[in-house]
Amino acid sequence: MESTVTQTLRLKKNADRRLKAGHLWLYSNEIDIQATPLKGLEPGAQVTIEAANGKALGVAYVNPHSLICARVVSRDADVRLDRSLLVHRFNQALALRDRLFAKPFYRLIHGEGDLLPGLIVDRFDDVLVVQLNTLGMETVRDEVIAALDKVLSPRAIVFKNDSSGRRLEQLESEVAVVHGELPDEVLLEENGVRFVAPVLDGQKTGWFYDHRANRAWLNGLVAGKRVLDLFSYIGGWGVQAAAHGASEVLCVDASEVALDRVAENAALNGLHEQVAVGHGDVFEAMTALRAEGEKFDVVVLDPPAFIKKRKDLANGERAYARLNREAMRLLGRDGLLMSASCSMHLYEERLVECVRGAVRHQDRHGQIIYRGGQAGDHPIHPSIPETAYLKALGVRVFRN
């Protein structure tokens with residue numbers, strides 16, 4: 001074990017309540033800056049967190065320039081964030097994934113959910129894609145590489161450091177292979193369907209494992225159905241629907257590159273005849289489809305986060321409401337809508353309200369027959385509501 005942390009950060013009186021309840025974040029207004037000035041600390045440095053009475057509460061890394069000024073990495077004040085702790089946490093996380101999944105395709109590290117704030121690791125068999133989203137994690141980048149190599153001996157490690165979180169921490173963007181050699185194609189398998197993951201130039205880490213269980217549920221209801229997959233990205237929903245018996249699938253996305261990959265992934269599974277693509281703005285595409293009189297048995301809505309910050313809530317809710325309204329116009333008389341949101345600021349009851357309003361706007365009836373969230377490789381920290389961000393509603397929409 002390396003030497004213990006020597007710098008301290010003292011909390012105001014009673015400011016330790018959330019920490020004692022299990023939370024991992026500290027805000028700048030909770031710090032006793034008279035006793036321990038924040039601006040005297042090196043950004044990214046590790047500190048011992050102390051209660052107002054001087055009792056050590058754990059170790060955190062700091063960023064004095066961020067609203068969340070410290071993130072706890074251990075409740076043991078004698079531990080620090082180093083290769084040894086990372087190896088321990090990685091092994092803990094791996095044990096969970098080994099229990100959940102038969103094959104090595106999953107999120108291995110989910111930030112706070114795996115007690116490693118600021119770190120994301122997605123596994124594509126022997127290729128690992130890493131996001132260091134905070135300054136504290138950036139300072140131990142070499143230790144992250146060494147610990148991943150020790151635990152999994154991967155063929156390649158990719159740093160996909162281009163998230164909005166890094167910009168908030170005043171970190172530069174970086175996409176690079178930092179260990180080993182990347183194969184020409186990075187493959188994954190989900191719910192029995194194979195995909196090529198664009199780990200260098202795709203969205204986030206190249207794939208969204210979080211919807212795995214929700215896709216599995218929908219896969220059981222698409223046989224013989226006509227499916228519309230909106231915001232399709234590389235076909236996670238649509239190609240799986242075709243693989244599970246959908247008669248016809250249309251994937252719509254604003255990215256031509258993503259749609260090229262939909263076609264590639266359909267062909268990879270021998271489904272090129274069942275899967276078509278449509279390029280353009282999703283709202284404009286829905287208008288065009290309606291003008292052409294198109295109807296679908298199943299519509300999937302899995303948009304990007306419309307609500308990035310709390311101040312975007314009102315506008316974001318209007319966008320979700322409009323999206324659900326327009327999608328329902330494309331459903332047949334007895335259709336199924338999969339309505340999802342990855343905006344952590346949009347609570348499930350508000351998504352239900354968007355669906356309810358859309359159903360009534362169409363003078364139809366709605367039945368919520370499925371409520372889903374993120375898969376088990378995206379564990380929710382019970383003290384941090386923000387880690388429970390994903391919502392998915394399966395809604396039967398029908399007429400009198």
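H2 and H4 are oblique to each other, and I would like to start from that pair, because the angle of about 45° at which they pack falls neither under 35 degrees nor within the 65 to 115 range that counts as roughly perpendicular. Please keep in mind throughout that what you see above is a predicted model. Helix H2 covers residues 83–100 and helix H4 covers residues 141–152, and their axes lie 9 Å apart. As for handedness, H2 passes H4 in a right-handed crossing.

Two further helix pairs can be read in this way, since two packed helices are described by the angle between their axes and the distance between the axes. Helix H9, residues 282–291, packs against helix H10, residues 313–328, at an angle of about 25°, and the distance between their axes is 10 Å. An angle under 35 degrees counts as roughly parallel, and H9 and H10 are therefore described as roughly parallel to each other. The crossing in which H9 passes H10 is left-handed.

H10 also has a crossing with helix H11, which spans residues 348–361; here the axes come within 8 Å and cross at roughly 40°. H10 and H11 are therefore oblique to each other, and H10 passes H11 in a right-handed crossing. For H10, then, the crossing with H9 is left-handed, whereas the one with H11 is right-handed.

Let me turn to the sheets. One open sheet is formed by five strands in the order S1-S3-S4-S5-S2, and its pairing is mixed. Which strands stand at the edges of this sheet? They are S1, residues 8–10, and S2, residues 25–27, and each has a single partner strand, so one side of each is left without a neighbour in the sheet. From one strand to the next, the twist averages 40°. At the S1 edge, S1 pairs with S3, residues 46–50, in the parallel sense over three bridges, and within that pairing Thr8 has Thr48 of S3 as its bridge partner.

The other open sheet I want to show has seven strands, in the order S15-S14-S13-S16-S17-S19-S18, again with mixed pairing. Its edges are taken by S15, residues 275–279, and S18, residues 365–372; each of these has a single partner strand, so one side of each is without a neighbour in the sheet. Neighbouring strands in this sheet are turned against each other by 20° on average, direction ignored. Strand S14, residues 248–253, runs parallel to S15, and five bridges join the two; in this pair, Val249 has Val275 of S15 as its bridge partner.

Finally, the empty space. Rolling a probe the size of a water molecule over the atoms shows where empty space is left. How many cavities of 30 Å³ or more does the structure hold? There is one, and the largest cavity has a volume of about 40 Å³. The residues that line the largest cavity are Tyr61, Val62, Asn63, Ile68, Cys69, Ala70, Arg71, Leu135, Gly136 and Glu169. Strand S4, residues 56–62, strand S5, residues 68–74, and helix H3, residues 135–138, each supply at least two residues of this lining, and S5 gives the largest share, with four residues. By class, the lining of the largest cavity divides into six nonpolar, two polar and two charged residues. That brings us back to the five-strand sheet, in which S4 and S5 stand next to each other in the strand order.

Among the pockets, I will mention the second largest, in which about 150 Å³ of space lies. It is lined by 13 residues, and the closest to its centre are Asp184, Val186, Ala197, Pro198 and Val199. What classes make up this lining? The lining of the second largest pocket has eight nonpolar and five charged residues, with no polar ones, whereas two polar residues are found in the lining of the largest cavity.

Methods: Residues numbered from 1 in each chain as written. Predicted model: local features only at pLDDT ≥ 70, side-chain atom pairs only at ≥ 80, totals over all residues. Heavy atoms only, no water. Pairing = 2+ DSSP bridges. Axes fitted to C-alpha atoms, helices over the stretch in contact; angles between N-to-C directions. 1 Å grid on protein atoms, 1.4 Å probe; cavity = no way out; pocket = protein on both sides within 12 Å on 5 of 7 lines; lining within 4 Å. Points joined across faces, edges and corners; volume = space filled by probe spheres on them. Nonpolar A, V, L, I, M, F, W, Y, C, P; charged D, E, K, R; others polar. Parallel < 35°, antiparallel > 145°, perpendicular 65-115°, else oblique. Left-handed = near helix turned anticlockwise from the far one by under 90°.
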